[in-house]
Amino acid sequence: MSATEELKHEHQIIKRMLAVLDTAAARAEGGQALPPDFFSRAVDFIRNFADRCHHGKEEDNLYPAMERRGIPREGGPIGVMLVEHEQGRAYVKGMQEAGQRLAKGDRAALKEATGNARGYSRLLNQHIDKEDNILYAMADQVLSTTDQQELMAKFEEVERERIGPGKHHEYVKLVEDLERELGLT
């Protein structure tokens, strides 16, 4: 498996969480109750699996490797991806803050939590499409087999150092649990 294939595989897991967010938002907006810890678990997944681990692999390893091979950061696709990572972090911060207020009984925070969940989902679905179909194809054109192998080793390091051994599987299970709780599986 190449480094870009691994990132695409992680995208599939993240997209499952995006479907969970969209379903939860629609149900909450329709007056249905969500599990009390829904937003805290969703934020945990996003912050650790999607951001610290997945985006960390991209920001600290893939993008710099692409830059070394001539793909520009400023004014190019890497710069766009970095801006979108920051936009995503803002949505997640809003979701976390509203989710905390909601957990303390502030029912008015539900609209803010679901709005941030929907905004994050919209942004990330488009972001993933651009990476899978444009950016990673560019990476595959400019990175050598050795580059890809070196990236895979660095990706393993990122997982070990940022989320810990075995945590990847735990986050996949978290997505599965939320899918089951919302009746998506």
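The following exchange between a student and a tutor concerns a predicted model.

Student: On what basis are residues numbered and features counted in this predicted model?

Tutor: Numbering starts from 1 along each chain as its sequence is written, and side-chain values use heavy atoms, with hydrogens and water left out. Local features need pLDDT of at least 70 and side-chain atom pairs count only at pLDDT 80 or more, whereas totals for chains, interfaces and linings use all residues.

Student: Which members of the largest nonpolar core touch the most other members?

Tutor: A nonpolar core is a set of buried Ala, Val, Leu, Ile, Met, Phe, Trp, Tyr and Cys residues joined through side-chain atoms within 4.5 Å. Buried means under 20% relative accessible area, exposed over 50%, and partly exposed in between, for a 1.4 Å probe and protein chains only. The largest such core has 35 residues, and those touching the most other members are L21, F38, F39, F45 and Y120.

Student: Which elements give two or more residues to this core?

Tutor: Helices are DSSP runs of H or I with at least four residues, strands are runs of E with at least two, and both are numbered from the N terminus. On that basis, the contributing elements are α1 (3-29), α2 (38-68), α3 (77-103), α4 (109-142) and α6.

Student: Which residues does Y120 touch, not counting residues up to four places away in sequence?

Tutor: Contact means heavy atoms within 4.5 Å. Y120 is one of the residues that touch the most other members of the largest core. With that sequence exclusion, the residues touched by Y120 are L18, L21, I46, A50, G88, Y91, V92 and M95.

Student: Is A117 buried or exposed, and what is its relative accessible area?

Tutor: A117 lies in helix α4. Residues up to four places away aside, A117 touches L21, F39 and M95. A117 is buried, and its relative accessible area is 0%.

Student: How many residues apart along the chain are I163 and N48, and what separates their C-alpha atoms?

Tutor: I163 belongs to helix α5 (residues 145-163) and is buried, at 10% relative accessible area. Beyond its neighbours within four places in sequence, I163 contacts N48, C53, V158 and H168. I163 and N48 are 115 residues apart along the chain, and their C-alpha atoms are separated by 6.5 Å.

Student: With which residues is E179 in contact, leaving aside its neighbours within four places in sequence?

Tutor: E179 has its place in helix α6 (residues 167-181). E179 is buried, because its relative accessible area of 8% is under 20%. Its contacts outside that sequence window are R16, V20, L184 and T185.

Student: What is the N to O distance in the salt bridge of E84 and K130?

Tutor: A salt bridge places a side-chain nitrogen of Lys or Arg within 4 Å of a carboxyl oxygen of Asp or Glu, and the structure holds 20 of them. This pair links distant parts of the chain, with E84 in helix α3 and K130 in helix α4, 46 residues apart. E84 is buried at 9% relative accessible area, while K130 is partly exposed at 27%. The N to O distance between E84 and K130 is 2.3 Å.

Student: About how many helical turns separate R89 and E86?

Tutor: The closest N and O atoms of the R89 and E86 salt bridge are 2.5 Å apart. R89 is partly exposed at 23% relative accessible area, and E86 is likewise partly exposed at 48%. Because R89 and E86 are three residues apart in helix α3, their separation is about one helical turn.

Student: Which residue, K173 or D177, counts as buried?

Tutor: The side chains of K173 and D177 meet in a salt bridge, at 3.0 Å from N to O. The two are four residues apart in helix α6, so about one helical turn separates them. K173 is partly exposed, with a relative accessible area of 40%. At 17% relative accessibility, the buried residue is D177.

Student: Which residues are linked with K57 in a network of salt bridges?

Tutor: The network has its place among the 20 salt bridges of the structure. The residues linked with K57 are E6, E10 and E159.
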